[in-house]
Structures are given as structure tokens and as C-alpha cells.
Amino acid sequence: MPRQMKLAVFMHGDSNYHSAGWRHPEAYADAGLSLRRWIEFAQIMERGKLDMLFIADTIGLPMTHSEETLAQASLVDKFEPLSVLAALSPMTKHIGLVATCATTYNQPYNVARILASIDHMSEGRCGWNLVTGGISEDALHFNLQSHVVHADRYAMAEEFADVCLGLWDSFEDDAIMRDKASGRYVDVKKIHTLNHQGKFYSVKGPLSVARSPQGRPVIIQAGQSGRGRRFAARWAEILFVVFPNRDYGLREYGEIKQAVHDANRDPDKTKILPAVYAIPGETRSMAEDKAAYIDQLAKPIDALALLSEVL
């Protein structure tokens with residue numbers, strides 16, 4: 001079979017990507033807390049033969065620098081994204097369902113259990129955007145006074161991912177018997193206890209969810225430089241990347257593939273998905289007019305707030 005392009009739709013919890021997208025007269029402003037909207041989006045994407053619906057997420061409220069930025073932040077009300085994936089599972093049949101779940105402020109057993117459950121519900125269509133969690137204020141929601149330092153976040157994430165993969169291997173493929181005649185529900189010799197004892201986590205196992213249809217969720221990452229790239233090279237089956245131009249993209253593509261090879265993994269099995277911000281129109285000028293209109297809906301302080309978060 002010839003190689004095929006993979007197409008994913010990147011959405012924030014309010015269904016928008018543009019910070020002022022919710023202000024467009026034809027936009028759904030209530031999508032953050034409307035499951036009906038999410039079902040509609042997912043089914044449209046599936047009819048269009050797209051491969052993946054991806055929901056980006058931050059744990060707490062964004063744009064809390066001031067009342068002015070918070071007042072116009074459409075991400076203040078949004079569903080917990082793994083719950084959305086579970087709800088979309090029976091409403092779709094083919095499209096991949098992926099969401100962000102940060103390691104720093106979670107526990108591996110809970111995350112492994114939830115994701116395995118969604119993989120069962122979706123019959124093997126679940127994916128995990130594996131991130132450490134980069135918003136410093138999130139620490140204050142979890143009984144901490146300051147954000148976990150960068151190096152420790154990645155060290156925790158390495159161990160976290162290792163534990164999750166171990167838990168997903170708790171059951172062999174044919175461990176569940178459900179033999180009514182003999183009364184044996186499970187072959188106990190095909191269930192494996194993890195007994196993980198690490199620097200950050202102690203997890204006995206086994207997981208309370210049998211092996212899912214695809215064995216484990218697809219792991220997705222967005223690390224592009226330094227420690228993030230090494231982390232992505234070890235774990236990611238799909239990488240989200242941003243390439244500002246073709247020459248840069250070709251160079252980065254080769255370096256990412258080499259990093260995957262250096263991590264003793266098959267580079268051909270790691271897919272790289274560059275970001276494309278698409279504005280369709282019947283003509284180029286109509287598309288440009290659309291872009292200009294959407295951009296003018298944003299206030300200058302929106303851009304300053306986003307830049308401040310990144311810096």
C-alpha cells in the first residue's frame with residue numbers, strides 16, 4: 001500500500017484554535033460545555049475521512065494574569081477531555097480519539113486505567129497526548145506551592161510512561177476466559193503483577209482493565225527540542241510539530257527520525273504531523289478576507305497574554 005497522509009484536527013477545549021474564534025458570528029460559543037456540539041464536530045470529521053480528533057488541554061484556568069485577560073478567555077469553561085473521548089466513542093466508528101493528559105499532576109495507575117477503558121469503549125481508537133504539564137499555576141491546585149522543576153517533570157514523565165506501558169501489559173491477549181461451564185472467568189497464569197518501585201512511583205498492579213483492542217493507546221507527543229525531543233523519540237508514535245518553512249521542516253524531520261533511531265525504535269513507525277492553519281475559501285482573496293476578519297476579532301492583549309504564557 002502506498003504511504004498515505006494522516007490528517008488530524010487540533011481543537012482546544014472550547015472547540016476553537018484561534019483565541020478569538022468564539023467571537024465569529026457563525027461560531028458556537030457554547031461548545032466548551034456542549035456535548036451535542038462535540039458529537040456534531042466528531043461526526044463531521046469522520047464523514048470527511050479525517051484520521052484523528054485531538055483535544056488539547058490545560059488543567060486549570062488560562063489567562064489568569066489579569067481580570068482583563070481572564071474576562072475574554074473562552075477556555076474558562078471546558079470539559080475534562082478524557083470524559084469527552086469516552087462520550088464520543090459510541091457516537092463514532094472510525095476516527096481516532098485523542099486528548100492531552102499531563103503526567104506531573106496525575107498518577108499512572110489512574111491514567112492507565114482511564115485510557116485503557118476508553119480504548120475498549122472506542123474499540124481501539126484511543127490516543128494519549130503525553131505531556132508533562134507546563135502551566136506553573138497548576139501546581140497550586142495539587143497541594144504544592146510551586147511548579148515541579150523542568151528536569152524533574154521529564155524524569156517523572158519517563159517513569160510515568162514506563163509504568164503505564166507495564167500496566168497495559170498486565171493481561172495477556174487471551175487471559176479472559178468467561179467459561180460458564182467451568183466457572184473460570186480468567187486464566188490467572190496470564191495476569192502479571194507489575195511490582196514497580198521507582199524514584200517517583202510505587203505501583204503494584206496488575207491493572208483492573210484487560211488488554212484493550214489495540215493493546216494500548218497510541219502515544220502522541222509534541223517535543224521538538226532538547227529534553228522534549230529525547231522524550232518524544234523514546235515514546236511517541238505520532239509527533240505534532242510546527243515547521244515555519246519547508247527547508248526548516250526537512251531538516252527537523254530528518255533530525256527527529258534520527259533521534260527515534262538513536263532511541264532504538266523504528267523511525268518508519270513514528271509519524272510526524274506538521275501543523276497547518278487552514279482557512280478555506282472559494283478564492284484566495286476570499287480566504288484572505290476571512291483570515292483578516294478573524295484576526296481583527298482578537299484584542300492585542302490576547303496575543304500578549306499568550307506570549308507571556310510561553311515565555
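Start by selecting Ser-212, which in this predicted model sits in the loop that runs between strand 8 (202-203) and strand 9 (218-221). With a relative accessible area of 6%, Ser-212 is buried, because anything under 20% is counted in that class. To see what surrounds it, add Ala-116, Asp-119 and His-120 to the selection, since these are the residues in contact with Ser-212 once its neighbours within four places in sequence are set aside.

From here, turn to the open spaces. The second largest pocket has a volume of about 320 Å³, and 17 residues line it, of which Lys-6, Asp-51, Met-52, Val-218 and Ile-238 are the closest to its centre. Colouring by element is helpful at this stop, as strand 3 (96-102), strand 4 (126-131) and strand 9 each give two or more residues to the lining of this pocket. Which strand provides the largest share of that lining? Strand 3 does, with three residues.

Next, look for enclosed space. A search of the whole structure finds one cavity of 30 Å³ or more, and the largest cavity has a volume of about 30 Å³. To find the place in the viewer, select Thr-58, Gly-60, Leu-61, Pro-62, Ile-135, Asp-138 and Glu-309, the residues that line the largest cavity.

The tour now moves to charged side chains, for the structure holds 10 salt bridges. Select Lys-190 and Asp-174, whose closest N and O atoms are 2.7 Å apart in a salt bridge. Lys-190 lies in the loop between strand 6 (184-186) and strand 7 (196-197), while Asp-174 lies in the loop between helix 5 (150-168) and strand 5 (176-179), so this pair ties together parts that are 16 residues apart in sequence. Both partners are partly exposed, Lys-190 at 23% relative accessibility and Asp-174 with a relative accessible area of 45%.

Then select Glu-252 and Arg-229, whose side chains meet in a salt bridge with an N to O distance of 2.4 Å. Glu-252 belongs to helix 7 (residues 246-262) and Arg-229 to helix 6 (residues 226-235), so that the pair, 23 residues apart, links distant parts of the chain. Are these two partners buried or exposed? Glu-252 is buried, with a relative accessible area of 7%, and Arg-229 also counts as buried, at 15% relative accessibility.

A further pair can be found within a single helix: the side chains of Glu-288 and Arg-284 meet in a salt bridge, at 3.1 Å from N to O. Because Glu-288 and Arg-284 are four residues apart in helix 8 (residues 284-297), about one helical turn separates them. Glu-288 counts as partly exposed at 43% relative accessibility, whereas Arg-284, at 68%, counts as exposed. To complete this part of the tour, select Glu-158, Arg-227 and Arg-234, which are joined into one network by salt bridges that share partners.

For the last stop, go to the surface and select Phe-10, Tyr-17 and Tyr-277, which form a nonpolar patch with about 340 Å² of accessible area together. Within this patch, Phe-10 lies in strand 1 (residues 8-11), and its relative accessible area of 37% makes Phe-10 partly exposed.

Notes: Residues numbered from 1 in each chain as written. Predicted model: local features only at pLDDT ≥ 70, side-chain atom pairs only at ≥ 80, totals over all residues. Heavy atoms only, no water. Patch = residues over 30% accessible without salt bridge, like charges linked within 9 Å, V, L, I, M, F, W, Y side chains within 5 Å. Areas by Shrake-Rupley, 256 points an atom, 1.4 Å probe, with all protein chains shown as cover. Salt bridge = Lys/Arg side-chain N within 4 Å of Asp/Glu carboxyl O. Buried < 20%, exposed > 50% of the residue type's maximum accessible area, 1.4 Å probe, protein only. Contact = heavy atoms within 4.5 Å. 1 Å grid on protein atoms, 1.4 Å probe; cavity = no way out; pocket = protein on both sides within 12 Å on 5 of 7 lines; lining within 4 Å. Points joined across faces, edges and corners; volume = space filled by probe spheres on them.
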